[in-house]
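Reader: I would like a close look at a single part of this model, namely the way its helices pack against one another and the pocket that some of them help to line. Could you take me through it in one connected account?

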Amino acid sequence: MLLAIRQHLGIKLFISYLIVILVGVLVLASAVELAVPSAFERHLAVMSAMMSSMMGNSLSVETDLFINFRRAVTEALTLAALAASAAAVLASVFISRQVVAPLRSMMLASQRIAEGHYNERVQVPGDAARGELDELAQLALRFNQMAAKLEQIEAMRRALIGDVAHELRTPLTAIKGSMEGLIDGVLPADPETFQQVYQEADRLSRLVDDLQELSRVEAEGFDLKRRPISVALLVEAAISRLSRQFDDKGVALRAELLADLPLVYADEDRIGQVLLNLTGNALQYTPSGGRVILRARRQGNEVHIAVVDSGIGIRAEHLPYIFDRFYRVDKSRSRPGGGSGIGLTIARHLVEAHGGRLRAESPGPGKGSTFTFTLPLAQ
Ligand code: ADP
């Protein structure tokens, strides 16, 4: 019995209602018990004065009246208390059910989710749009949000495994094909064949490095060594690292920085990595004869750093996806040695870890692209 009470919120609620009803009835009975005699006496005094003038022996009439009145009051009160208690018991059963039902459905749904059914949701009573949610409805709403997040994470996990398998298969198939060709004597054992195998192995190892880096930056609370740093120095470092590759391809690279740029609060290595990635992409997707400009300006409490290129541009329909992992606009084309489509995903994570945003804009194919990220000012 005690165990049943401990285990069921409905029974607990019901017992608490019963206690409230009992206390109410007791208070009512004792209040009546105390108040009836004096009230009755006051009324009787007036009546007996009138009656004694009409009849004689008023004392016995008074006593009879009092006893009968008391009986009548007690009878009426007992009936009223019984009817009220019955109504209250019915109401409390109904209310307990109302309170417990959503909790019970959440319990069942969480059990289903624990078993791997991530599409499970509970009904939210009330109108969320009009803010008509009580605590239980809010709990149901948060529960659904949590379930949706879990479902999304599960879908991403599945997609990631599929994507990784797919990405690994391409270079592995190439390596295997070349090796079979060598074994069967179909391919000549010359430096060109070995170079092909080496390039695919290199692509594979870069993919694994990228994946490792991605899992590092996606992990909660990865380490950032932030300090006040100069944007001009960051930009100069990126330019000096890449200027030879730009010269080789015949793409112009220059910086346009506004004077008196304030310091930003950032991890120099990580933001340097973001800048290198964006500038490297700009070089990759800009044909020779084009140009790439690194711009920086202050706006409010942030510095906006933009990598503007005059390259192949990005169609509007691809823009929302280019930060997704493994997303490549042109699936068939990849960097010499293979772009994994993870670079921008890592860059966005790094910028967001600094409290900034990274976005891409492009007026369309052939009209260049602009990648802009923000960084908070150093206080
Ligand atoms: P990848 O290693 O393939 O370059 P990223 O994550 O760096 O991967 O980029 C994702 C995709 O976004 C690229 O495959 C490319 O299609 C597109 N992209 C990135 N930068 C540019 C750019 N500057 N101009 C045009 N397209 C770009």
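Author: What follows goes from one helix pair to the next and ends at the pocket. The model is a predicted one, and helix α8 (343-353) is a convenient place to begin.

Helix α5 (residues 191-218) packs with α8 at an angle of about 25°, their axes being 10 Å apart. With angles under 35 degrees counted as roughly parallel, α5 and α8 are therefore roughly parallel to each other, and their crossing is left-handed. On the α5 side the contact involves Asp210, Glu213, Leu214, Val217 and Glu218, which meet Thr345, Ile346, His349 and Leu350 of α8. Sorted by class, this contact of α5 with α8 holds four nonpolar, two polar and three charged residues.

Helix α8 also packs with α7, here at an angle of about 145° and with the axes 10 Å apart; the crossing of α7 and α8 is left-handed. From α7 the contact draws on Arg270, Gln273, Val274, Asn277, Leu278 and Asn281, while α8 supplies Gly343, Leu344, Ile346, Ala347, Leu350 and Val351. The residues of this contact of α7 with α8 comprise seven nonpolar, four polar and one charged. Ile346 and Leu350 of α8 thus appear in the contact with α5 and again in the contact with α7.

Helix α7 (residues 268-284) has a further partner in helix α6 (residues 231-249), the two axes coming within 9 Å and crossing at roughly 25°. That angle makes α6 roughly parallel to α7, and the crossing of α6 and α7 is right-handed. Among the residues in contact are Leu234, Leu242 and Phe246 of α6, together with Ile271, Leu275 and Leu283 of α7. Taken as a whole, the contact of α6 with α7 has nine nonpolar, five polar and three charged residues.

The account now turns to the second largest pocket, which holds about 400 Å³ of space. Of the 15 residues that line it, those closest to its centre are Met156, Glu218, Arg325, Thr345 and His349. The elements giving two or more residues to this lining are α4 (135-184) and α8, and α4 gives the most, with seven residues. By class, the lining of the second largest pocket divides into five nonpolar, three polar and seven charged residues. Glu218, Thr345 and His349, listed as closest to the pocket centre, also belong to the contact between α5 and α8, and in this way the pocket leads back to the helix pair with which the description began.

Key:
Residues numbered from 1 in each chain as written. Predicted model: local features only at pLDDT ≥ 70, side-chain atom pairs only at ≥ 80, totals over all residues. Heavy atoms only, no water. Axes fitted to C-alpha atoms, helices over the stretch in contact; angles between N-to-C directions. Helix = DSSP H or I, 4+ residues; strand = E, 2+ residues; numbered from the N terminus. Parallel < 35°, antiparallel > 145°, perpendicular 65-115°, else oblique. Left-handed = near helix turned anticlockwise from the far one by under 90°. Contact = heavy atoms within 4.5 Å. Nonpolar A, V, L, I, M, F, W, Y, C, P; charged D, E, K, R; others polar. 1 Å grid on protein atoms, 1.4 Å probe; cavity = no way out; pocket = protein on both sides within 12 Å on 5 of 7 lines; lining within 4 Å. Points joined across faces, edges and corners; volume = space filled by probe spheres on them.
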